[in-house]
Amino acid sequence: MKISEIAQLVKAEICTKNYDPEIEIFSACSADLMSDVMAFSKSNALLLTGLINPQVIRTAEMMDIRAVIFVRGKKPLESMIEMAEEKGIVLLATDYPLFVASGKLYKNGISGHGE
Amino acid sequence: MASVVERDYIIPANDFTIAGEASSNVRKILSQLGVAPDIVKRTSIAMYEAEINAVIHGNGGQAHVEIDENKIVITISDQGPGIEDLELAMQEGYSTAPDSIREMGFGAGMGLSNMKKNSDILDIKTAVNEGTTVKITVFFK
C-alpha cells in the first residue's frame with residue numbers, strides 16, 4: 001500500500017519535508033518499546049508508536065523502516081524531524097490511538113509479523 | 001575490501017540523544033563498503049542493542065570495531081555493574097531496567113536475544129561490579 005493511502009486511512013499529518021506519496025509499505029509494527037521493534041524483521045515496514053524520543057528515529061534507521069506514524073496526537077520533536085529527514089525516514093502523526101490506527105491499517109491489508 | 005578498517009568510539013553514559021551514534025556510523029561504513037543490506041541490518045541491530053545496553057546499564061563504555069573482507073567484529077565494553085545471571089538475562093522479556101528506562105522506550109527484555117539472533121558469534125564476558133564486554137561477530141558471506 002502506498003504511504004499516501006496509509007496517511008489517508010489514519011488521517012495523518014505529514015511532519016517531514018521528504019514525503020514521497022509513492023513509497024510502498026508492505027508491513028507494519030506497533031510498539032512503544034524499541035527492542036520489540038528490533039525483534040521484527042520485515043522489510044519496507046512502517047512503525048506505529050506513541051514514543052517520542054530520538055531513539056525512535058535511530059531504531060527506524062537500524063531497521064530500514066521507511067516511515068513512522070506517531071499516534072494519540074503526539075508530535076515528533078524538531079530534532080527528530082531533522083534526524084529523520086537526514087536519514088530519509090518519513091514521519092507522520094495521527095490523533096488515533098495505537099490500537100485504532102493499527103486496526104485501520106490491518107483491516108485494509110497491511111500485514112504484521114509472522115504473516 | 002582487503003584492508004582492515006578499525007574504529008573506536010566512546011559511548012557516553014545516560015545520554016539518550018546521542019546513543020546510537022556509533023552504530024549509525026558503522027552502518028554507514030558498511031553500506032559504503034558495499035556489504036549486503038541484510039548483513040548491514042543484522043549488524044546494525046546487534047550493535048545498536050549493545051550500545052544502548054552500555055548506555056542504560058553500563059554507565060557508558062567504549063566500542064572497538066574491526067572490519068576485514070570477511071567479517072565485522074564489534075567489541076563493546078563497559079565498567080558497569082555486570083550481569084548477575086547471564087542465562088536469565090538472555091531470556092526474552094527478562095529485564096532489570098527501571099521504569100525511567102522503559103519510559104524512554106527500552107527495557108523490553110529483548111536486547112540480548114536480539115543481539116544473539118543477529119550475530120553469527122556472540123561472546124559475553126561479565127563480572128559483577130567489574131563490567132561487561134560483548135563481542136559481536138557477523139560474517140559477510
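Reader: Which strands of chain B does α1(B) lie across, and at about what angle to β1(B) does it run?

Author: In this predicted model, where local features need pLDDT of at least 70, side-chain atom pairs count only at pLDDT 80 or more, and totals for chains, interfaces and linings use all residues, α1(B) lies across β1, β2 (61–67) and β3 of chain B, running at about 165° to β1(B). Residues are numbered from 1 along each chain as its sequence is written, while chains are lettered from A and ligands numbered from 1 in the order in which they are written. Helices (H or I, at least four residues) and strands (E, at least two) are DSSP runs numbered from the N terminus, and the angle, on a scale from 0 to 180 degrees, is taken between the N-to-C directions of lines fitted to C-alpha atoms, for helices over the stretch in contact. Contact here requires C-beta atoms, placed from the backbone, within 7 Å.

Reader: What makes β3 (residues 71–78) and β5 (residues 131–139) of chain B paired strands?

Author: Two strands pair if DSSP finds at least two bridges between them, and eight bridges join β3(B) to β5(B), so the pair meets the definition, with the strands running antiparallel. In one of these bridges, Thr75(B) has Lys135(B) as its partner in β5(B).

Reader: Why are β1 (5–11) and β4 (121–127) of chain B said to stand at the edges?

Author: The five strands of this open, antiparallel sheet follow the order β1-β2-β3-β5-β4 in chain B. Each of β1(B) and β4(B) has a single partner strand, so one side of each is left without a neighbour in the sheet.

Reader: Why is α2(B) described as largely enclosed by the rest of the structure?

Author: A residue is buried if 20 or more other C-beta atoms lie within 10 Å of its own, exposed if 12 or fewer, and partly exposed in between. Of the 20 residues of α2(B), 16 are buried, so the description as largely enclosed follows.

Reader: How do you know whether Asp64(A) is buried, exposed or partly exposed?

Author: Asp64(A) has 17 other C-beta atoms within 10 Å, a count between the two limits, and therefore it is partly exposed. Asp64(A) lies in the loop between α3 (54–62) and β4 (67–70) of chain A, and its phi is near 55°, a positive value in a residue other than glycine.

Reader: What is notable about such a value?

Author: Most residues other than glycine have a negative phi. Arg72(A), in the loop between β4 and α4 (78–87) of chain A, also has a positive phi, near 55°, and with 14 C-beta neighbours inside 10 Å it counts as partly exposed.

Methods. Two residues are in contact if their C-beta atoms, placed from the backbone, lie within 7 Å.
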